[in-house]
Amino acid sequence: MKKWLPSIWCIIFISGCQKDTHHEAQHFFRDGFEDYTTFRDLFSESKQRWSIAEITHPDNEITLDSAKARTGKKSIKFTASPSTNGVVSKASIAKQNMSFIEGETVRLSASLFLESMLPVSGLFIMDIEEHTAIGAMPGMRLMIVDDYLRVEYKTGDKDISQPEGRKIAFPRNQWVNITWELKLSRVRKGTVRLWQNGELIIESMNIQTLPKDLLYFQQGTKGIYNSCEAGITANSTRQKLTLWADDVIFEKIN
Amino acid sequence: MENEPAAFNGNAVTVINMKAVFWVCIFTLLVYQSASQELMVKSKAVFFELGGSGGIASLNFEKQFSERNNTRFAWRTGISVAPVDRNSGTGIILPVLLHALTGKAPHRLDLGIGQGITVTTKGSFYLLTTACAGYRYQKEESPWFYRLAYTPLISWLEHWQVQHWGGISIGYTF
């Protein structure tokens, strides 16, 4: 047995290095919220619709709204109180079972209406994430800080902000079209572009845009974003806020 | 609402977990089979490793089970923690390795390979391959040893990734 031990070790080590190459999931999802009668209609077991809603505070809510819409007759309305006691306040919906892999460019877009009479700082409105075996669903997200949109990494890297001197504030109390493109890379070959009402406000190249494993804190990353989330994905402001969303699209563009 | 037909394999996670459990069982059987062989040199040690195979830091127990031509073979197991977040809990890390220490006191080359087993307080389970290539210093007459090692963490279950890492250890043999 002793003399076979090194061979057995080699077999175990090498055979463990098999990659799972089976990826069958969605590359396109679009919703104008016109097909629903109630909020529950957004979700179905067939995985053709939204996957989950996250409402983490008793005062938070998500409803269909036929009084306000960017196009058509309906939109979806998110209301969230400020986060307290270490619990993140969320009112959001997520589409899982997506598959945007390294090398591809993914586009997330939506029309958003943020209702507020005060400046907004610390509001998260759109996330793209990877479900990992161990970890806090790493990825990137859009955040409003001091009334300006920026791109934030969920796992500690420096935010991507609008260039000084050319910043454009996120308009409140009106419909705003947001388009966010990411070229996906786990090394410094990725790209982030963000448009607000058709104007390019952020462009950053040669950056990492997909998460990687991080010691034992984050394990099982595969170089795939498989979840997109919209709404109030976290309210770290000091005010209760309401956000409407319409014409949400998640798609691979190349 | 428009979308392409979804065909995501919801059983992928179950298959991966079963694969991990299978290899943990094989590895554990090999470690215990090695440990149960007749000892050429009975030598145990406890050591603290900063960085290394346990991630941030770990407490470890080591037992040598064989010696041949200036090479001593030992198995080692340890414990560490890795806080993740409120939803994912905390990871309890168990690095389990086989080591070969070659050379003459006080200078030895320390080579090792094994698995870092993660179990979280929320019930998740995962494996990383851990390896070690280091320098170990221990005088013949001293129970204390010190080690500096390159300890990469190698993800293999779902996607191949190598994280370059290292560790410093101080230990006591008895």
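**Exercise 1. Which residue lies over the face of A:Phe113, and at what distance from the ring centre?**

Step 1. The structure is a predicted model: local features need pLDDT of at least 70, side-chain atom pairs count only at pLDDT 80 or more, and totals for chains, interfaces and linings use all residues. Residues are numbered from 1 along each chain as its sequence is written, chains are lettered from A and ligands numbered from 1 in the order in which they are written, and side-chain values use heavy atoms, without hydrogens and water.

Step 2. Apply the rule: a charge sits over a ring if NZ of Lys or CZ of Arg is within 6 Å of the ring centre and within 35 degrees of the ring normal.

Step 3. A:Lys68 lies over the face of A:Phe113, 3.9 Å from the ring centre. Elsewhere, A:Arg141 places its charged end over the ring of A:Phe124, at 4.0 Å from the centre.

**Exercise 2. Work out how A:Trp50 pairs with other aromatic rings.**

Step 1. Rings of Phe, Tyr and Trp (its six-membered ring) pair if their centres lie within 6.5 Å; planes under 30 degrees apart are stacked, over 60 edge-to-face, and the rest tilted. This gives 12 aromatic pairs over all chains.

Step 2. A:Phe33 and A:Trp50 are stacked, with 6.2 Å between centres and 10° between planes. Both lie in the loop between β1 (28-31) and β2 of chain A, so the pair ties together parts 17 residues apart in sequence. Strands here are DSSP runs (E, at least two residues), numbered from the N terminus.

Step 3. A:Trp50 and A:Phe250 are edge-to-face: 5.8 Å centre to centre, 85° between the planes. A:Phe250 is in strand β16 (residues 241-252) of chain A, 200 residues from A:Trp50.

Step 4. A:Trp50 and A:Phe250 are both buried (under 20% relative accessible area, 1.4 Å probe, protein chains only). A:Phe33 is buried too. One aromatic cluster holds A:Phe29, A:Phe33, A:Tyr36, A:Trp50 and A:Phe250.

**Exercise 3. Place B:Thr173 in its surroundings.**

Step 1. B:Thr173 belongs to strand β11 of chain B. Its place is on the covered face, with B:Gly167, B:Ser169 and B:Gly171.

Step 2. Strand β11(B) pairs in the antiparallel sense with β2 (residues 43-51) of chain B over seven bridges; pairing requires at least two DSSP bridges. Strand β8 (residues 144-150) of chain B also pairs with β11(B) in the antiparallel sense, over seven bridges.

Step 3. B:Thr173 is buried, because its relative accessible area is 15%.

Step 4. The B:Thr173 side chain makes a polar contact with that of B:Gln138, at 3.0 Å. Such a contact is a pair of N or O atoms within 3.5 Å; within protein, one must be able to donate a hydrogen and the other to accept it, and residues adjacent in sequence count only if both atoms are side-chain atoms.

Notes: Buried < 20%, exposed > 50% of the residue type's maximum accessible area, 1.4 Å probe, protein only. Helix = DSSP H or I, 4+ residues; strand = E, 2+ residues; numbered from the N terminus.
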